[in-house]
Amino acid sequence: MSHHIYHTAGLIVGLKPKGETDLLLKVFTRDFGMVVATAQGARKMVSKNRFGLRLYAIPEFDLIKTRESFRVGAVRPEPYAPGRAETLVRAKVSAILARFVVSDEPHEKLFHDVL
């Protein structure tokens with residue numbers, strides 16, 4: 001069975017290791033709202049995706065919708081590394097988003113305001 005691949009931007013709100021090499025991501029996306037996605041093999045030293053999957057980063061994702069959840073395909077990292085002040089602001093905004101945005105409904109206006 002083939003799955004559809006969705007291309008979207010998102011703010012990584014939370015990261016949690018899963019097993020030896022996987023990551024469990026909580027991402028606030030433009031198209032899906034708050035989703036939980038699994039990035040398989042993202043912690044391996046040879047993984048191409050590990051540079052784009054940092055806490056509070058805003059990369060472009062290829063999300064694959066499975067029956068229960070999302071999986072991360074390719075990741076295109078941000079073109080620049082944010083400074084300390086910008087990272088602090090992103091951390092505070094991410095804490096508020098993680099607490100109050102719990103649904104998987106799209107919030108395009110909120111996403112653009114956050115960016």
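Two strands count as paired here if DSSP finds at least two bridges between them. Strands (E, at least two residues) and helices (H or I, at least four) are DSSP runs, numbered from the N terminus. With that in hand, start at β2: seven bridges join it to strand β3 (residues 33-39), and the two run antiparallel. Before going on, note that this is a predicted model, where local features need pLDDT of at least 70, side-chain atom pairs count only at pLDDT 80 or more, and totals for chains, interfaces and linings use all residues. Residues are numbered from 1 along each chain as its sequence is written, and side-chain values use heavy atoms, leaving out hydrogens and water.

Back to the sheet. A hairpin of three residues takes the chain from β2 to β3, and Leu 23 stands opposite Ala 39 in β3. Strand β1 (residues 5-18) is also antiparallel to β2, with eight bridges joining them; one pairing puts Gly 14 with Lys 26 of β2. The β1-β2 hairpin likewise has three residues between its strands, and Gly 19 there takes a positive phi near 70 degrees.

How covered is β2? Six of its eight residues are buried, meaning under 20% relative accessible area, with over 50% called exposed and anything in between partly exposed (1.4 Å probe, protein chains only). Take Thr 29, which lies in this strand (residues 22-29). Thr 29 counts as buried because its relative accessible area is 0%. Its side chain reaches the backbone nitrogen of Phe 32 at 3.0 Å. Beyond its neighbours within four places in sequence, Thr 29 is in contact (heavy atoms within 4.5 Å) with Thr 8, Ala 9, Gly 10, Val 35, Leu 63 and Phe 111.

Leu 63 leads us into the nonpolar interior. A nonpolar core is a set of buried Ala, Val, Leu, Ile, Met, Phe, Trp, Tyr and Cys residues joined through side-chain atoms within 4.5 Å. The largest one has 15 residues, and Leu 63 is among those touching the most other members, along with Leu 25, Ala 39, Leu 53, Phe 61 and Val 72. Strands β2, β3, β4 (60-65) and β5 (70-76) each supply at least two residues of this core. There's also a second, separate core of nine residues, including Ala 9, Leu 11, Phe 28 and Leu 97.

Now for the rings. Phe, Tyr and Trp rings (the six-membered one for Trp) pair if their centres lie within 6.5 Å; planes under 30 degrees apart are stacked, over 60 edge-to-face, and the rest tilted. The structure holds three such pairs. Tyr 6 and Phe 32 meet edge-to-face, 5.0 Å centre to centre with 80 degrees between the planes. Tyr 6 sits in strand β1 and Phe 32 in the loop between β2 and β3, so this pair ties together parts 26 residues apart in sequence. Tyr 6 is partly exposed because its relative accessibility is 30%, while Phe 32, at 17%, is buried.

The rings of Phe 28 and Phe 111 have centres 5.8 Å apart and planes at 45 degrees, so that pair is tilted. Phe 28 is in β2 and Phe 111 in helix α2 (residues 108-114), 83 residues apart. Both ends are covered: Phe 28 is buried at 0% relative accessibility, and Phe 111 is buried at 1%.

Finally, Tyr 6 and Phe 32 join Phe 70 in one aromatic cluster. The charged end of Lys 65 sits over the ring of Phe 70, 5.0 Å from its centre; the cut-offs are NZ of Lys or CZ of Arg within 6 Å of the ring centre and within 35 degrees of the ring normal.

Key: Polar contact = N/O pair within 3.5 Å; in protein donor to acceptor, adjacent residues only side chain to side chain.
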